[in-house]
Every structure is written in C-alpha cells, then in structure tokens.
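This report describes selected geometric features of one protein model. Please consult the sequence and the coordinates alongside the text.

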Amino acid sequence: MSHGGAGGSGGLGAQTVGAGNLGGGAAAAAAAAAAAAAGGGGAGGEYRELHWTVSSVMDSSRVSTCLISMLLIVYGSFRSLNIEQEAREREQKKRNESMTNLLTGEHVEKEPISVFTADKFATLDTMHALCLPLGASISLLIMFFFFDSMQLLFAVCTASEYMTIYSYKIKCIYYIYNSLTVIATVALAFLLLPMCQYIIRPCTDGKRFSFGICGRFTAAELFSFTLSVSIVCIWVLTGHWLLMDAMGMGLCVAFIAFVRLPSLKVSTLLLTGLLIYDVFWVFLSSYIFSTNVMVKVATRPADNPVGIVARKLNLGGIVRDTPKLNLPGKLVFPSIHNTGHFSMLGLGDVVMPGLLLCFVLRYDAYKKSQGVTSDPTLSPPRGVGSRLTYFHCSLLGYFLGLLTATVSSEVFKAAQPALLYLVPFTLLPLLLMAYLKGDLRRMWSEPFIAQQPSKQLEV
C-alpha cells in the first residue's frame, strides 16, 4: 500500500507518508527506455513521466484533500465570526433590556448562555505562540517513545474529562493536540450542531433542559451530542476511515472557531515557530532518532480499547474481530481509481493556517463595520486589488501552498512538511497586501481597537 499527499502536522502529530505509487516510476522508466530504443530518444519517457506525475497530483484523493481542507477553513472561520456577532447582538439586547428595566422597574430574567458562545474563546498571546512548538515537540516525543503504554489512554478517554478544550492555558492546548480522541466527541457535536438545530427547530421551542452541575442544554445540543457519541462508538468498533475523518473535521472546525489569534504579530510568531517544528521533525529527526519521528507517530495504529478489555477478560473471539485504530489526527482520503492509494493531511495543516484566515476574516468584517480607513499617508490601490479582501488573499495562498506541497511530494517521492509551503504562501502575501493598503502597523499590534481620527485644523 502506498501513501500519498502533502504532509506535515503543524503540531498535531500527523504526517503524510510517501508520495505515490513507486511502481509507476519504474513503469515510466521502462517506457522511456523502450522509446529510446525505438529511436524516439528520451522525450517520450519524459512525457510519460510528466503525465504520470500530473495524473498523481490530480488524483481523486488529492483533490478531495484540497477541497475538504479549504471548506473546513472557510466554514470554521465564518462559524467563528457568526458566534462573535451573535454574542455581540445578545449583549446589545441585554443592554437595551437593562435600560428598559431601569425605566420601568421590571425585572428581566437572565438569559441562559449556550455551551458554544463567545465567552469560550481562547486567545493565544505571544508566550503561547512561542511555547506551542516546544510543547508540541515534547508531546510528539512522548507519543514516539511511550505510545504502546499510553495508547489506551489516547483511545479511551471521554470528552467529559476534558471539557476545558477551550481553556486558554497552553498546556491544555498542546496536550489536546496529541490526545485528539479525548475531545473528538465534543468537537464533532459542535460540527453537527447547525444541522441538528435545523432538523429539530420545527419540533421544539428552544427550551433548555437542566442537567445539574453539567449545565443547561437545548434539544438540538443534546441531539448533536448523542449523534456524535454514536459516531465515535461506531468508529471504535469498525475503525472506518470516514468516521475518523468526521471526527477530524469536527476538531478542525472547533479549533478554528474557538481559538483566536489577536494580532498579526502573534500569527507570524506562531506560524514561523510551527514551520521550524514541522521541518525539523520531518527532515532532521531521522538523523537523531534513526527514523522519521513525525511519520512514525502519524502512521502508528493504536490497539482497539474494546480488544484490550476483551483480552483482559479472555474473550478471544472479540479480540480477533476488533480492528486497529488510527487516531483522528489526520484527514485520510482513499483514491477512487487507484486501489490502496490514499492521501493524508495532518490536522495541523488545516488548523494553523485556518487560525490565520479566521483572524483576517474577523479583521475584514471589523474594518467594514467600523469604516476603518487605511493610513492616510498612503493611498490605497484602486481597481480589482482594492476589492480583494485579506481573507480572499490568504485563502488563495493556502490553495497554492497546498498545491505546491502536493507536487513536491510527487517530485521528491518523500514525505513533505506541508507548513513549509503553506506558511510562506499564506503569510507573505498577507503581509505584502497589508503594507500596500496601509494596514500593516494596525494589524501587527492592535487590529481590533478603534483608533480616533486625529483632529487637524483646515486652513
């Protein structure tokens, strides 16, 4: 079985293995030799080799990886923006009711807060951005050396034990990265919540049900959580890649929606540090540990917890039927045309650039709502470029970076750290565009603080 795709984990411990079917390279070489013997020279072989490379890049698994990763970033970013806008509208409504209460003397009942609201946002600061690559490296080494003894913990832990997924503590953040199954249920429930709200809306009035210290939940939230638990249980029993992808998608959307980058400075520090982290563990770790640590951890299956329990109870038949589990730290898409070929992309290659795109989307919306103008000393560009938002620029850069990473994996026939290509393609055009529009200084430090226009006397 060959493994393909643009790899890299960006801190989540997932990495692509290989770059395609190596047998295709041998076939192309044989075709080139036959063409040369027939008098056609090496041009025919080069053409066949190029055709094979292009067809590998355009394979259904590659296309699915690219499209799904971009859709997750767009959906997670807009979901985050909607949550923020709803919280702002709720706060404005509360202030209006408070003013009415002061005038009329009536008591206004406090509105219950949903589990997924703006007060759950985790904002990374400079120290977090500097410590995250180090913490991810420590977690990666722990999984590399102690995976056999800790795999049961990774696979069995329930989401209720880690409801602090959105805690701002960086220790929780990078620990969650490598204990992905722990919070997969909650993340998947968050992903399924809008669909469940649409289905249940005609049947309920939005009433919340109290569960004691656990909080108050709507019927849609309970339905999404029940559906999520069912999917996770089926995944444990079957190990199907589609269910693992569903949990991975939920993780991506949840992190993009609830983890915030406050400024371009923090974004640059975080992505640069993770780029170095990714390159080191993919390209240089084999010289120290005699193996590619990133690839080893990403492709290492975990024992099924059902099988472990059955083994303890001497239930041999169940042990033979339980499959190994690939933890949801990556997105896997099999090829439709090439049996046994699949593309794999680490969740960090979606989440980390996604945090940057979510930041610029929030800035675009803030700038539009506040009517923030660029630096008056610089004239903004006119024409098509003036209508291009920062989010569109970064999303296009992400697509080009992912495409470059995919081509590189085919050309070099080796695992590639995707952040090596995604970070420059997303960050550098954004910095250049912000400089040309006169927003670089504002976005770098305090992008969401309103600036008072300077008062100047007109002569």
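The sections below treat the overall fold, the helices, the aromatic contacts and some individual loop residues.

**Basis and overall composition**

The model is predicted: local features need pLDDT of at least 70 and side-chain atom pairs count only at pLDDT 80 or more, whereas totals for chains, interfaces and linings use all residues. Residues are numbered from 1 along each chain as its sequence is written, and side-chain values use heavy atoms, with hydrogens and water left out.

The secondary structure comprises 17 helices and 7 strands, taken as DSSP runs (helices are H or I of at least four residues, strands are E of at least two) and numbered from the N terminus. Of the 459 residues in the protein, 48% are buried. Here buried means under 20% relative accessible area, exposed means over 50%, and partly exposed lies in between, with a 1.4 Å probe and protein chains only. The protein exposes about 23,200 Å², of which carbon and sulfur atoms supply 64%; accessible areas come from the Shrake-Rupley method with a 1.4 Å probe. Among contacts (heavy atoms within 4.5 Å) between residues at least 6 apart in sequence, 78% join residues at least 24 apart.

**Three helices**

The table compares end-to-end C-alpha distances with the expected span, which is 1.5 Å times one less than the number of residues.

| Helix | Residue count | C-alpha span, first to last | Expected span |
|---|---|---|---|
| α8 (241-258) | 18 residues | 26 Å | 26 Å |
| α13 | 23 residues | 32 Å | 33 Å |
| α15 | 23 residues | 32 Å | 33 Å |

How many residues of α13 are buried? The count is 19 of 23, so α13 is largely enclosed by the rest of the structure. Helix α13 also has a kink of about 25 degrees centred on G354, where the bend at a residue is the angle between axes fitted to the seven residues ending there and the seven starting there. Helix α8 is likewise mostly covered, with 16 of its 18 residues buried.

Within helix α15 lies A405, which is buried at a relative accessible area of 0%. The C-alpha atoms of A405 and P417 are 7.7 Å apart in space, and the two residues are 12 apart in sequence. Just after α15, K413 takes a positive phi of about 55 degrees.

**Aromatic rings and charges**

Rings of Phe, Tyr and Trp (its six-membered ring) pair if their centres lie within 6.5 Å; planes under 30 degrees apart count as stacked, over 60 as edge-to-face, and the rest as tilted. This rule yields 12 aromatic pairs. One of them joins F144 and F145 edge-to-face, at 5.0 Å centre to centre and with 75 degrees between the planes. F144 is buried at 14% relative accessible area, while F145 is partly exposed at 48%.

Why is the pair of Y363 and Y390 tilted? Their planes stand at 55 degrees and their ring centres lie 5.9 Å apart, so the pair falls in that class. Y363 belongs to helix α13 (residues 348-370) and Y390 to helix α15 (residues 390-412), so this pair ties together parts that are 27 residues apart in sequence. Both rings belong to buried residues: Y363 has 0% relative accessibility and Y390 has 1%.

F144 and F145 also belong to one aromatic cluster with F280, W281 and F289.

A charge sits over a ring if NZ of Lys or CZ of Arg is within 6 Å of the ring centre and within 35 degrees of the ring normal. The charged end of R260 sits over the ring of F121, 3.7 Å from its centre. K437 lies over the face of Y390, at 5.3 Å from the ring centre.

**Loop residues**

Most residues other than glycine have a negative phi. Against that background, S290 has a positive phi near 65 degrees. S290 is located in the loop between α9 (264-289) and α10 (293-298), and S290 is exposed at 71% relative accessibility.

Is H337 buried or exposed? With 64% relative accessibility, H337 counts as exposed; the residue is found in the loop between β6 (330-334) and β7 (342-346). H337 and S61 are 276 residues apart in sequence, yet their C-alpha atoms are 9.2 Å apart in space.
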